[in-house]
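User: Please take me through the reasoning behind some labels in this model.

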Amino acid sequence: MTLLRANADDLMHVGLDEVLFQKWAEKKFIYTELFDERGSTRKYEKVSGFSGFGMLVQKNEGADLTPEDPSQGFDTTFTHIAYGLYARVTKEMQDDDQYDVIKRLPGALTDAVGRTKEYFAASLFNNAFTAAGTYITGGDGEYLGSLSHPLTGGGTYQNILTTAADLGVSSLEEALYTLRLTKGDQSEDLALEPRYLVVPPQLERTAWELVQSVGRPDTANRADNWLKTQNLQVIVWSKLTDSDAWFLLTDKSQHGLVFYNRTDLETDSDRDFKSKDFMYSVYTRFSLGWTDWRGFFGTPGA
């Protein structure tokens, strides 16, 4: 495909009051705040879990110490996928453009890279409770949000509400203590600290009232709002497609959401020798997913 003057005739004539092109700038991409971004130089990246130890065992006088072996965990493979676009414009189109729109095409292609990454990062949240893509299911075979993530030392733990619920005082309180009580593979307490409350735009007001109101938002009495002391940062993500799903996340250092940039951004421009057409392209290659479910908590809402 090639952009000809006949396909964009308005750009050939002086007198337009405004050309609506890239008028609405992209907001800061949310995925860079939530995901642990890593570089890569390989075809794929493989992450393997390995447990630590639980509690010490009492040693009686003259007796041997109790042995305990750490256990091999679950493997997760991230296979990088390539994405790209290109645009071709005739020399006459670029020469006759009165509004310099064509000269801004490379920037528009670059914007599309961030938009694409943002979409797939949000898809991890949008499909956290269902099967939708090979990167959604982690090494333990469970969805990211599950009632029964297996512990290699035995037993299971959940990172979703037992009964799905809309965002409110009681449901957020349950989510907070369930995340804080998260167990390691040897059933040890991990002392995770929630940091982010991630919501779609439809829940922005509810989230703000829950974590910022001085008084409890669910009662008319003058009780102090305990949730305000939790220092949660509300992140409103317009790419979330479920209007009543909401999520809690720890800091990046305590959760397993990973975004691998195999090729962060690659741009090219060239000229066709015969036609003199201008050609612009953009390319990126990445993968994303989760290495461990701990530090992530969510619910699809009631």
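Analyst: What follows sets values against definitions. This is a predicted model, where local features need pLDDT of at least 70, side-chain atom pairs count only at pLDDT 80 or more, and totals for chains, interfaces and linings use all residues. Residues are numbered from 1 along each chain as its sequence is written, and side-chain values use heavy atoms, with hydrogens and water left out.

User: How do you know that the length of helix 4 (residues 169–180) agrees with its residue count?

Analyst: Helices are DSSP runs of H or I with at least four residues, strands are runs of E with at least two, and both are numbered from the N terminus. The expected span is 1.5 Å times one less than the number of residues. For the twelve residues of helix 4 that gives 16 Å; the end C-alpha atoms are 17 Å apart, so the two agree.

User: Why is T250 called buried?

Analyst: Buried means under 20% relative accessible area, exposed over 50%, partly exposed in between (1.4 Å probe, protein chains only). T250 has 0%, so T250 is buried. T250 lies in strand 9. Contact means heavy atoms within 4.5 Å. Among the residues that T250 touches, not counting those up to four places away in sequence, are L179, Y196 and G295.

User: What makes strand 8 (233–236) and strand 12 edge strands?

Analyst: Two strands pair if DSSP finds at least two bridges between them. The open sheet has four strands in the order 8-7-9-12, with mixed pairing. Strand 8 and strand 12 each pair on one side only. Strand 12 pairs with strand 9 in the antiparallel sense, over four bridges.
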